[in-house]
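Subject: Handing over the structure

Hi,

Here is the structure I promised to pass on to you. Please open it alongside this message, since I go through it place by place.

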Amino acid sequence: MNLKQMAGIEAAKYVEDGMIVGLGTGSTAKFMVDEIGRRVKEEGLTITGVTTSKETERQAQALGIPLKSIDEVPYVDLTIDGADEISADFQGIKGGGAALLFEKIVATYSKQCIWIVDKSKMVNKLGKFPLPIEVVPYGSQQLVHLFEEKGYAPVLRTTPTGDLVVTDGGHYIIDLHLEVIEDPIALGTYLDQLVGVVEHGLFLNIVSTVIIGGENGPETIHV
Ligand code: 5RP
């Protein structure tokens, strides 16, 4: 079985009747949403989904999963989402799919957060994966210059056809090529205070469980 699919199916087992469930974005989360959709249809599972992107919303709607927006629920019981990198101390980089802002909002209001990954995403230190920064279009070039001066090797994200990527929130993405992030907390604090930065892809002290797809089956780590 595909390792992402393995992690997605395993995570869907944590979903119980009556839960409000945050539905993540990306190729791994897609398998989890498919499995929840199957359980809704075949097992009569009753949940309310809160999606983290238009892409996941379309998928969940097609599967018949009842949905509410994050503003229509009091909280989220459990969010299941993918990740781009997870460090040895369970900090993460997300946003490879440009959904980091909505993903972080939903995760922040969730009682529990499960990340689902294949084993290639587990690293010692974060930073090999370019760190996505979601920015307001107005002044974004100034932020690119600022990040260049800091030596962060910024690249404004474009589509395969060369258009600028625009997020579901109407923002641009700047990817920082850092190679290694020695102090994610300090970097996150610095990025948080920059004018024009809407959100960054460092997801710190957020995850409660990690499910890793590997050749010997899924491994579940409670953080
Ligand atoms: C989207 C994300 C994704 O969860 C992350 O990019 C992992 O994606 P995939 O499961 O396709 O590898 O953060 O913004």
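Below is what I found, beginning with the confidence scores and ending with two backbone angles.

**Confidence**

Please keep in mind that this is a predicted model. The protein has an average pLDDT of 98, and 100% of the residues score at least 70. For the model, ipTM comes out at 0.99 and pTM at 0.98.

**Around the ligand**

I would look at the ligand to begin with. There are 18 residues around the ligand, and those that come nearest are Gly26, Thr28, Gly82, Gly96 and Gly97. Two elements give two or more residues to this shell, namely helix H2 (27-43) and helix H4 (100-108). Of the elements, H2 gives the most, with three residues. Sorted by class, the shell is made up of nine polar, five nonpolar and four charged residues.

**Glu103 and Thr52**

Which residue does UniProt list for "active site"? The record names Glu103, in an unreviewed entry, so please treat that label as coming from the record. In the model, Glu103 is part of helix H4. Is Glu103 buried or exposed? Within 10 Å there are 30 other C-beta atoms, and the cut-off for burial is 20 or more, so Glu103 counts as buried. Setting aside neighbours within four places in sequence, the contacts of Glu103 are Gly24, Thr25, Thr52, Asp81 and Lys94.

One of those contacts, Thr52, deserves a visit of its own. Thr52 sits in the loop between strand E2 (48-51) and helix H3 (54-63). Because 29 other C-beta atoms lie within 10 Å, Thr52 is buried. Again leaving out neighbours within four places in sequence, Thr52 is in contact with Gly22, Leu23, Gly24, Thr25, Asp81, Ala99, Phe102, Glu103 and Val106. Gly24, Thr25 and Asp81 also appear among the contacts of Glu103. For Thr52 and Gly24, the C-alpha to C-alpha distance is 5.5 Å, although 28 residues separate them in sequence.

**The two domains**

The domain assignment splits the protein into domain 1 (3-123 + 204-222) and domain 2 (131-200). Taken over C-alpha atoms, their centres are 24 Å apart. How many residues of each domain are in contact with the other? There are 13 from domain 1 and 13 from domain 2. On the side of domain 1 that touches domain 2, H4 gives the most, with four residues. By class, that side of domain 1 has seven nonpolar, four polar and two charged residues. Helix H4 therefore turns up three times in this tour: it holds Glu103, it gives residues to the shell around the ligand, and it belongs to the side of domain 1 that touches domain 2.

**Two positive phi angles**

Finally, if you go through the backbone angles, you will come across two residues other than glycine with a positive phi. Glu179 has a phi near 70° and is placed in the loop between strand E9 (172-176) and helix H6 (184-192). With 10 other C-beta atoms within 10 Å, Glu179 is exposed. For Asn205, phi is near 50°, and its place is the loop between strand E11 (202-203) and strand E12 (209-213). Asn205 has 12 other C-beta atoms within 10 Å, and a residue with 12 or fewer is exposed, so Asn205 falls in that class.

Happy browsing, and best wishes

Notes
Residues are numbered from 1 along each chain as its sequence is written. This is a predicted model: local features need pLDDT of at least 70, side-chain atom pairs count only at pLDDT 80 or more; totals for chains, interfaces and linings use all residues. A residue is near a molecule or strand if its C-beta atom, placed from the backbone, lies within 6 Å of it. Ala, Val, Leu, Ile, Met, Phe, Trp, Tyr, Cys and Pro count as nonpolar, Asp, Glu, Lys and Arg as charged, and the others, Gly among them, as polar. Two residues are in contact if their C-beta atoms, placed from the backbone, lie within 7 Å. Domain bounds come from an automatic or database domain assignment. pLDDT is the predictor's confidence in each residue, from 0 to 100.
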